[in-house]
Structure formats: C-alpha cells, structure tokens
Amino acid sequence: MTESEGSRLPGFYNLPRQERLAQLARASGLDAASLAAIGGGAGLTAEQADHMIENAVGVYGLPLGIAVNFLVNDREVLVPMVIEEPSVVAGASFMAKLAREGGGFRAGADEPLMIGQMQVLGLTADQLAGAQQALLDRRSEILAAADEVDPVIQKLGGGARGLEVRPLPKTDAGPMLIVHLIYDTRDAMGANAVNTAVEWLAPLVEEITGGRVHLRILSNLADRRLARSECSVPVEALAFEEFGGEQVRDGIIEAWAFAEADPYRAATHNKGIMNGVDAVVMATANDWRAIEAGAHAYAARQGRYRSLSQWWVGEAGALCGRLEMPMAVGIVGGATRVHPTARACLALMGVERAAELAEIIVSVGLAQNLAALRALATEGIQRGHMGLHARQVAIAAGAEGESVERIARQLVAESAVRLDRAEQLVRAEASGEMS
Ligand code: NAD
C-alpha cells in the first residue's frame with residue numbers, strides 16, 4: 001500500500017470496474033499477476049481445482065470486492081471480501097470510515113494455539129482419576145513425542161505447548177477421559193499438524209492409561225486462539241439525515257442489548273458479524289466452516305447463546321465496540337497458497353503473520369456488526385439494501401449490461417423490487433418501450 005493513498009480511495013464505488021482495478025493497482029503496488037488474479041482474469045483453473053478436491057469438474061465464481069477505509073493498528077489496509085450478498089462490502093467500508101474518525105481499529109490476537117482432542121474409552125468411572133494423573137505425570141514425555149511430528153512448525157518456534165485431561169464420568173457411551181493437546185501452529189490454521197500429532201500420540205496415551213483411544217481430531221472451538229478488535233466512533237460522526245448522533249449511538253446499544261439477552265436475535269446479530277468475517281476468510285481461501293463452528297460454539301460458551309460483540313458509551317460519549325472470537329486462520333497451508341486469488345488477496349493486505357490476518361478479520365466483523373446495527377436502529381435494513389438487491393433481481397429477470405442499473409433504479413423508484421415486475425421491464429426494454 002502506498003502511503004499517499006492509504007485505504008481511503010474516495011469515490012471508488014462510483015468508478016467503472018476497470019478503473020477501480022487501475023486505482024487498486026496504484027494504491028496497492030501489487031504486481032501484474034496478483035492484479036490479474038484479483039481482477040478475475042487468472043483465478044483458480046479447473047486443472048488446479050482437480051488437484052484440490054475429489055470428482056472435480058469445474059470452478060465456481062463469486063464476487064470479489066474491496067472494502068476501503070480500514071485502519072487496523074494504525075496500518076492502512078484494503079480488504080478483499082468474497083461474498084454473494086449485496087450491501088456487505090459497502091457496509092464494511094462505510095463503518096470503517098466512521099471508525100477512522102476515532103483512530104481506526106485496535107486489534108490483537110492470541111498465540112496460535114489449537115486444541116487436538118483424544119477420546120479415551122474402556123475405563124471405568126473409578127479408573128478415570130488414576131488415568132488422568134498418570135497422563136499428567138508423563139506430560140513432558142507426551143509433549144516431546146508430539147513435537148516429533150512437524151519439524152517445520154517446531155523449527156519455526158511452534159509445537160506442543162500443553163496437556164489437559166478432563167474426565168467425563170457419565171456420557172451416553174459410558175465413562176471417558178478427554179485429553180487435549182495444546183499445540184502452537186504458528187502461521188498455519190494447523191488442522192493437519194494437530195490431527196497428525198494426536199494420531200501419533202494415541203498409542204502412547206493407550207499405554208499410559210490402559211484405555212482405548214477412539215477419536216483423535218482437532219477441536220474447532222479454538223478458544224485459545226482468540227482475536228479481538230475495538231473501535232470508538234465519536235458521537236457526532238454517527239449523526240445522519242434526521243438522526244442525531246446520541247440517538248444513533250443509544251439505538252445501537254439498545255439493539256446490541258437485545259442480542260445479548262435473546263438467542264433468536266443473537267443468531268441474526270452474529271450472522272451479520274459473520275457476513276464480514278466469512279467474506280475475508282473466503283477471500284484468503286481459509287476454512288470458513290471451521291471459523292463458523294468456532295464462532296457459534298464460543299458464542300454459547302456460558303451456557304446460553306449470546307452476542308459475540310459488545311457496544312457501550314465510552315469517553316466523551318463515543319460509541320465503543322468490541323468483538324472477540326476464535327480465529328483459526330492461516331497464511332500458509334490448506335488452499336491459502338494454492339489458490340492464486342487467495343495468494344493475491346494476502347499480498348494485497350500485506351500480512352506477514354497469521355495473527356495479523358486474524359486482526360483484520362475481526363475488525364471487518366466488528367465493522368459489519370456496526371453497519372447492521374446502525375441500519376436496524378435507524379432507517380431499517382431494507383432501505384440501503386434494496387438498491388443493491390434490485391440489481392440482483394434485475395439480473396435474475398434477464399437484464400444485461402447497462403440495463404441492469406436502469407431496471408434496478410426503476411424497481412426501486414416504483415418500490416416494487418420483485419421478479420415479476422423486473423421481467424416485465426426486461427420484456428419492455430427488449431421490445432423497445434421502457435414503461
Ligand atoms: P497444511 O498442512 O497444508 O500446512 C501447514 C503446514 O505447513 C505445517 O504443518 C508446516 O509443516 C508447514 N509450514 C510452513 N511454513 C509454516 C509456518 N510459517 N507456520 C506454520 N506452518 C508452516 O495446512 P493446515 O493449516 O494444517 O490445514 C488446514 C486445512 O485443514 C484447511 O484447509 C482445513 O479445511 C483442513 N481441515 C480442517 C479440519 C477442521 O477444521 N476440523 C479438519 C481437517 C482438515
């Protein structure tokens with residue numbers, strides 16, 4: 001990113017797509033191959049796809065947009081987002097602009113500690129405590145054995161960090177002992193290293209406990225690998241149209257309190273957060289199912305499903321927000337370095353560590369949460385959404401090229417964003433009489 005332009009790019013959304021790419025090239029300093037991969041010319045090929053999954057027959061495209069205005073830990077970032085839903089990229093960009101007025105996002109991430117689980121069966125309830133102690137007594141031997149599996153991670157300063165043992169005396173399959181291997185996966189998401197390590201350890205755990213190790217698999221509740229972001233928006237920056245700054249701020253806090261108190265609302269509130277999170281996770285070819293699973297399990301960690309974010313009134317009446325959630329993402333491994341567009345997206349953000357990527361992702365999640373709460377607490381979600389939705393309806397009705405915008409505008413003007421009306425308009429255009 002060149003210092004002169006940063007991530008502000010005013011008017012980016014109004015430019016034709018090719019000019020947006022040209023501006024992106026100037027602002028990011030990306031090489032031609034990366035720009036081509038981002039600009040749609042050189043994404044994943046069918047041949048590459050064939051090496052990635054079974055029975056591959058093709059590749060599937062999705063829109064890739066750039067969220068502007070992000071300032072994360074004083075660093076300007078242009079954020080790539082892959083998503084089919086309208087309004088998300090615009091919402092993130094606009095809220096990042098508001099957050100900038102309070103200094104941008106302050107984000108941090110834990111060490112990249114993942115949890116590998118082993119399920120020990122074949123013990124009676126009375127034997128659990130003894131087996132637990134035996135494992136803890138031989139902790140260093142077990143951790144040293146785990147460190148043998150991935151010399152690369154070991155050399156980079158990662159590897160086994162801890163052992164936890166939890167007896168579950170009463171389950172539907174009888175007593176079991178659950179062993180957690182805590183493993184530092186450095187810049188990888190780490191599923192493979194962790195799964196290999198727990199499979200490798202199973203015979204040793206069986207020897208020590210006298211039980212039978214059944215499942216050996218990573219946990220997606222990556223609660224040792226949390227990332228968090230905070231922002232503070234000056235109250236005057238929240239005012240718009242007939243809505244005063246304090247009114248918007250208090251409305252946002254009331255909306256958040258609803259999610260905090262009610263799981264039906266919390267599910268939708270957190271879905272809005274994931275609109276931002278998943279879009280960046282997908283742009284970097286990380287495992288969004290893993291992130292989703294971790295997010296929702298973490299949201300329910302206190303026994304009731306709650307909001308992943310918090311909003312409150314801060315100094316000088318500013319609106320302050322915070323998002324904390326598990327963020328097991330990598331910048332090496334999986335598809336992150338295989339998918340050309342994902343590689344280019346990582347280059348665009350200039351991230352050098354997985355933790356930096358995690359910090360950007362939670363910041364985007366927080367921005368997205370703010371976008372949804374602000375709309376819901378003021379004019380309602382449909383007004384901003386409809387213009388963008390209308391374009392999709394126009395395309396679904398068969399509109400092409402410039403007529404997409406024309407028909408979308410007409411649908412909004414008539415307050416009739418419906419497929420049947422769009423089809424009428426497409427037919428009318430085809431016969432030369434736009435009604
Ligand atoms: P990976 O095994 O492809 O790559 C990680 C490896 O890269 C490390 O083990 C290490 O040997 C090497 N490496 C090189 N430089 C490194 C660095 N700087 N930091 C860390 N490691 C470095 O990838 P992965 O991250 O182990 O696996 C991710 C994939 O596993 C995802 O695609 C995910 O879909 C899949 N997966 C997920 C689950 C789950 O979430 N439950 C289960 C199984 C598989």
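The following paragraphs describe two sheets, the helices that pack on them, and the surroundings of a ligand.

The model is a predicted one, in which local features need pLDDT of at least 70 and side-chain atom pairs count only at pLDDT 80 or more, while totals for chains, interfaces and linings use all residues. Residues are numbered from 1 along each chain as its sequence is written, and side-chain values use heavy atoms, with hydrogens and water left out.

One sheet is open and consists of four strands in the order S5-S6-S4-S7, with antiparallel pairing. Strands here are DSSP runs of type E with at least two residues, and helices are runs of H or I with at least four, both numbered from the N terminus. Two strands count as paired if DSSP finds at least two bridges between them. The edges of this sheet are strand S5 (159-168) and strand S7 (212-219), each of which pairs on one side only. From one strand to the next, the twist averages 20°; angles run from 0 to 180 degrees between N-to-C directions, and axes are lines fitted to C-alpha atoms, for helices over the stretch in contact. Within the sheet, strand S4 (residues 113-121) and strand S6 (residues 176-184) run antiparallel and are joined by eight bridges. Gly116, for example, has Leu181 in S6 as its bridge partner.

Two helices pack on this sheet. Helix H5 (residues 128-137) touches S5 and S6, and its direction makes about 170° with that of S5; contact means heavy atoms within 4.5 Å. Helix H6 (residues 139-146) also touches S5 and S6, but its direction makes about 125° with that of S5.

Another open sheet has four strands in the order S3-S8-S10-S9, again with antiparallel pairing. Strand S3 (106-109) and strand S9 (309-313) stand at its edges with a single partner strand each, so one side of each is left without a neighbour in the sheet. The twist here averages 10° from one strand to the next. Five bridges pair S9 with strand S10 (residues 319-326) in the antiparallel sense, and the bridge partner of Val313 in S10 is Leu319. Helix H13 (residues 354-377) lies across S3, strand S8 (226-233), S9 and S10, running at about 45° to S8.

The ligand is surrounded by 21 residues, of which Asp150, Gly190, Asn192, Asn220 and Asp287 come nearest; a residue is near a molecule if one of its heavy atoms lies within 4 Å of it. The shell divides into 10 nonpolar, seven polar and four charged residues. For this count, Ala, Val, Leu, Ile, Met, Phe, Trp, Tyr, Cys and Pro are nonpolar, Asp, Glu, Lys and Arg are charged, and the others, Gly among them, are polar. Helix H7 (151-155) and helix H8 (191-209) each supply at least two residues of the shell, and H8 gives the largest share, four residues. A polar side-chain atom of Asp150 lies 2.4 Å from an oxygen atom of the ligand.

How values were computed
Polar contact = N/O pair within 3.5 Å; in protein donor to acceptor, adjacent residues only side chain to side chain.
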